[in-house]
Amino acid sequence: MDRMRRILVLLRDELRIADSPLLEKAAALSASLGGAKVVIAVAVDPAEHSASATSSCFGMPKTSVFREKFYLESVADLVRRARAEGCRAVVDILGPSALTKRLITEVGVTDVVL
């Protein structure tokens, strides 16, 4: 593995790039580290975003078809914009801690922005 520093930004539902405090923090850290690579990871929670996800009240779906479509389009847009900015983007249904561990191992993440 090369010695390039890699900064992980872990997102769940905060998918806006334009005004994200986490992404601003990662960009500032990257600049201070001489251009470290930023890895944006989206941890999709299956308990919130799956066909079988229901609320505890009345067994209704957690998200409507339209809300779920919006969420998936937002994730796709985030990935497209991140890649256009030269960032690596990863989307997975692993929990946040498991996804972080995986990226530390596979990508060589050295810093995490919280």
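Three helices and four strands make up the elements of the protein chain. This is a predicted model. From the N terminus on, the order is β-α-β-α-β-α-β.

**The chain as a whole**

The protein chain has 114 residues, and 36% of them are buried. Its exposed surface comes to about 7,200 Å². Carbon and sulfur atoms supply 59% of that surface. Now take contacts between residues at least 6 apart in sequence: 70% of them join residues at least 24 apart.

**The nonpolar cores**

The largest nonpolar core holds 20 residues. Val 9, Ile 40 and Val 42 touch the most other members. Four elements each give two or more residues to this core: β1 (6–11), α1, β2 and α2. The most come from α2, which gives five.

Val 42 deserves a closer look. Leave out residues up to four places away in sequence, and Val 42 still touches Leu 11, Arg 12, Leu 15, Tyr 71, Val 75, Leu 78, Val 90, Val 91, Asp 92 and Leu 99. There is also a second, separate core of ten residues. Among its members are Ala 43, Val 90, Leu 99 and Val 109. Val 90 and Leu 99 of this second core are thus named among the contacts of Val 42.

**The pockets**

Next comes the empty space. Rolling a probe the size of a water molecule over the atoms shows where such space is left. The two pockets below are listed with their volumes and the classes of their lining residues.

| Pocket | Volume | Nonpolar | Polar | Charged |
|---|---|---|---|---|
| Largest | about 280 Å³ | ten residues | three residues | four residues |
| Second largest | about 190 Å³ | six residues | one residue | five residues |

The largest pocket is lined by 17 residues. Leu 23, Ala 27, Val 38, Glu 85 and Cys 87 lie nearest its centre. The elements that give two or more residues to this lining are α1 (21–32), β2 (37–43) and α2 (65–84). Which of them gives the most to the lining? The answer is α1, with five residues.

The second largest pocket has its own lining. Asp 13, Leu 15, Arg 16, Ile 17 and Ala 18 belong to it. So do Arg 67, Phe 70, Tyr 71, Ser 74, Asp 77, Leu 78 and Arg 81. Leu 15, Tyr 71 and Leu 78 line this pocket, and Val 42 touches each of these three residues.

Technical notes:
Residues numbered from 1 in each chain as written. Predicted model: local features only at pLDDT ≥ 70, side-chain atom pairs only at ≥ 80, totals over all residues. Heavy atoms only, no water. 1 Å grid on protein atoms, 1.4 Å probe; cavity = no way out; pocket = protein on both sides within 12 Å on 5 of 7 lines; lining within 4 Å. Points joined across faces, edges and corners; volume = space filled by probe spheres on them. Nonpolar A, V, L, I, M, F, W, Y, C, P; charged D, E, K, R; others polar. Core = buried A, V, L, I, M, F, W, Y, C linked by side-chain atoms within 4.5 Å. Buried < 20%, exposed > 50% of the residue type's maximum accessible area, 1.4 Å probe, protein only. Contact = heavy atoms within 4.5 Å. Areas by Shrake-Rupley, 256 points an atom, 1.4 Å probe, with all protein chains shown as cover.
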